[in-house]
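Thanks for sharing this one with me. I have put my reading into a few numbered points, which are best followed with the structure open beside them.

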Amino acid sequence: MRSVSWPVQGDQPTFRRRLSLFAILGTAAIAAALATALVLNPALVRPLVPLAASAALLLVLWTHGSARTAARRTEVRNSFAGLVAVHLGEAYEVDENPLLGEYTSRRHAARAAIDRGGWALVVHAWDRYYLLSCRPNAASAATRAPVSFRSRAIADVVPAIHDEIPLSA
């Protein structure tokens, strides 16, 4: 399988918005805590400064990870939403809001798709597997919808499960 080029952080505007929002809120919370300590007891400020610095470092790490995760989800959704994806010669129409979840392994994504019961695409991007809702394209040869350029990223297609045979036979 050939590699499909994905942006490093995912969707850049989403990454920047999320990073700036969380950084501003976190910095304000740390500053408010230090200001409160200064008002209550000025002797607490000196020992709390290293604690505030370590909290700021943890905030930066968490903010970066959270922003990257949101940006990658947005990139996967934008790459496939409303398109026809081709996998092993079959065409599948991806829904407009297709993202059902993200998983650490192909097996977990397939299990979630089976538990859901409907058609789903398992997309491998970065170090994750993303589950997208879809349906088979009945007229795959005569389709007019744009075809996804990231079709090689599709790891699996999980078919819908229908209980047509009664279990109490």
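The points below go from the helices to the sheet, and then on to the cores and a few single residues.

1. A word on the source before anything else: this is a predicted model. Please read every distance and angle below as a value computed from that model.

2. Let us begin with helix α1, residues 12-40. Its 29 residues should span 42 Å at 1.5 Å a residue, and the end C-alpha atoms are indeed 42 Å apart, so the expected and computed lengths agree. The buried residues in α1 are Thr14, Phe15, Phe22, Gly26, Ile30 and Ala37. Part of what covers them is α2, residues 45-80. As a reminder for reading that list, residues three or four places apart in an α-helix point the same way, because there are 3.6 residues a turn.

3. Helix α2 has 36 residues, and from first C-alpha to last it reaches 51 Å, close to the 52 Å expected at 1.5 Å a residue. One residue to look at here is Thr74, which lies in this helix. Is Thr74 buried or exposed? Its relative accessibility is 11%, and the cut-off for buried is under 20%, so Thr74 counts as buried. Setting aside neighbours within four places in sequence, Thr74 is in contact with Asp11 and Thr14, and Thr14 is itself among the buried residues of α1. Just after α2, Gly82 takes a positive phi of about 75 degrees.

4. Now for the sheet. It is open, has 5 strands in the order β1-β2-β4-β3-β5, and its pairing is antiparallel. At the edges are β1 and β5 (154-158), each of which pairs on one side only. From one strand to the next, the twist averages 40 degrees.

5. The pairings can be followed strand by strand. β1 (residues 84-87) pairs with β2 (residues 90-103) in the antiparallel sense over 4 bridges, and one partnership to check is that of Val86 with Ala91 in β2. These two strands form a hairpin with 2 residues between them, and Leu88 in the turn has a positive phi of about 55 degrees. Between β2 and β4 there are 7 bridges, again antiparallel, with Tyr129 in β4 as the bridge partner of Tyr103. β3 (residues 120-125) is joined to β5 by 4 bridges, and these strands run antiparallel; here Leu121 has Val157 in β5 as its bridge partner.

6. How do the helices sit against these strands? α2 lies across β1, β2, β3, β4 (128-136) and β5, and runs at about 165 degrees to β2. Helix α3 (residues 106-116) also packs on the sheet, where it touches β2, β3, β4 and β5, and its direction makes about 35 degrees with that of β4.

7. Which residues of the largest nonpolar core touch the most other members? Of its 15 residues, they are Trp6, Val76, Phe80, Leu121, Val123 and Ile154. At least two residues of this core come from each of α2, β2, β3, β4 and β5. Val76 is a good place to start looking: neighbours within four places aside, it is in contact with Trp6, Ala125, Trp126, Tyr130 and Leu132. Another core, of 10 residues, lies apart from the largest one and includes Ala109, Ala112, Ala113 and Val122.

8. On aromatic pairs, a search of the whole structure finds 3. One of them is Trp126 with Tyr130, in an edge-to-face arrangement at 6.5 Å centre to centre, with 80 degrees between the planes. Tyr130 has 1% relative accessibility and therefore counts as buried. Both partners of this pair are also among the contacts of Val76.

9. One last residue, for contrast: Asp115, which lies in helix α3. With a relative accessible area of 56%, above the 50% cut-off, Asp115 is exposed. Its C-alpha atom is separated by 9.9 Å from that of Ala160, although the two are 45 residues apart along the chain.

Notes:
Residues are numbered from 1 along each chain as its sequence is written. This is a predicted model: local features need pLDDT of at least 70, side-chain atom pairs count only at pLDDT 80 or more; totals for chains, interfaces and linings use all residues. Side-chain values use heavy atoms; hydrogens and water are left out. Two strands pair if DSSP finds at least two bridges between them. Rings of Phe, Tyr and Trp (its six-membered ring) pair if their centres lie within 6.5 Å; planes under 30 degrees apart count as stacked, over 60 as edge-to-face and the rest as tilted. Buried means under 20% relative accessible area, exposed over 50%, partly exposed in between (1.4 Å probe, protein chains only). The expected span of a helix is 1.5 Å times one less than its number of residues. Contact means heavy atoms within 4.5 Å. Axes are lines fitted to C-alpha atoms, for helices over the stretch in contact, and angles run from 0 to 180 degrees between N-to-C directions. A nonpolar core is a set of buried Ala, Val, Leu, Ile, Met, Phe, Trp, Tyr and Cys residues joined through side-chain atoms within 4.5 Å.
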